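Please look over the structure shown here before reading the report on one of its helices and the neighbour against which it packs.

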Amino acid sequence: MSPDSKDQGKGAEAVDDIEVTDPVSAPDADGTPRRTTRRFPLFTRDTARPEGGGRAASGAAPAPARQWPILAVLCTVGLGLLLTAFDVFRYGTLLIGAALLAGAVLRWVLPDVGMLAVRSRFTDVLTYCVLGLAIVLLAMMAQPKPWLVIPFLKDTLHYTVNTS
């Protein structure tokens, strides 16, 4: 083995350790692969799974067991919609809001929640909390005989809608 081939061998090993930015693009003129850069690509070819978007159970488990967090939230929302359809409006909508709040807790606490992870953890938790809290508050303020009365809302409505 000549000294040149020994150097080429080391160079080849070093080249193998360099990550290629785009596997489809050709290497540089001297044959070395292009080095990775922290710049965003001009065209996105793939989307990254959100953090926590892995399976909630092992791959050997059946599909429903792997996605139990989203199934729990969806089944609870379905039960709330069923209650609402059977004229138990307040309890049905409270159950829907509670399901979204439970989804926020699951997304925050569990490391892998499967398809319950849509965006980043912070964005998911914030979205589930805001929507769940809004639905719960609206269900508690629903007429007739509201459970929750916020005094300034009546004055706000009086000034925004002219009933004369």
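The text below describes helix 3, its burial and its packing.

This is a predicted model, in which local features need pLDDT of at least 70 and side-chain atom pairs count only at pLDDT 80 or more, while totals for chains, interfaces and linings use all residues. Residues are numbered from 1 along each chain as its sequence is written, and side-chain values use heavy atoms, with hydrogens and water left out.

Helix 3 spans residues 68–85, helices being DSSP runs (H or I, at least four residues) numbered from the N terminus. From its first C-alpha to its last, helix 3 reaches 25 Å, close to the 26 Å expected at 1.5 Å a residue, where the expected span is 1.5 Å times one less than the number of residues. After helix 3 comes D87, with a positive phi near 65°.

The table sets out burial in helix 3, judged by relative accessible area (buried under 20%, exposed over 50%, partly exposed in between; 1.4 Å probe, protein chains only).

| Class | Residues of helix 3 |
|---|---|
| Buried | P69, I70, V73, V77 and G80 |
| Exposed, on the other side | C75 and A85 |

The buried residues cover an arc of only 95° around the axis, which puts them on the same side of helix 3; the arc is that of the directions from the helix axis to the C-beta atoms. Their cover includes helix 4 (89–109).

Helix 3 and helix 4 pack at about 170° with their axes 7 Å apart, and are therefore roughly antiparallel, a term for angles over 145 degrees. Residues in this contact (heavy atoms within 4.5 Å) include W68 and L83 of helix 3 and F89 and L106 of helix 4.

Terms used. Helices (H or I, at least four residues) and strands (E, at least two) are DSSP runs, numbered from the N terminus. Axes are lines fitted to C-alpha atoms, for helices over the stretch in contact, and angles run from 0 to 180 degrees between N-to-C directions. Angles under 35 degrees count as roughly parallel, over 145 as roughly antiparallel, 65 to 115 as roughly perpendicular and the rest as oblique.
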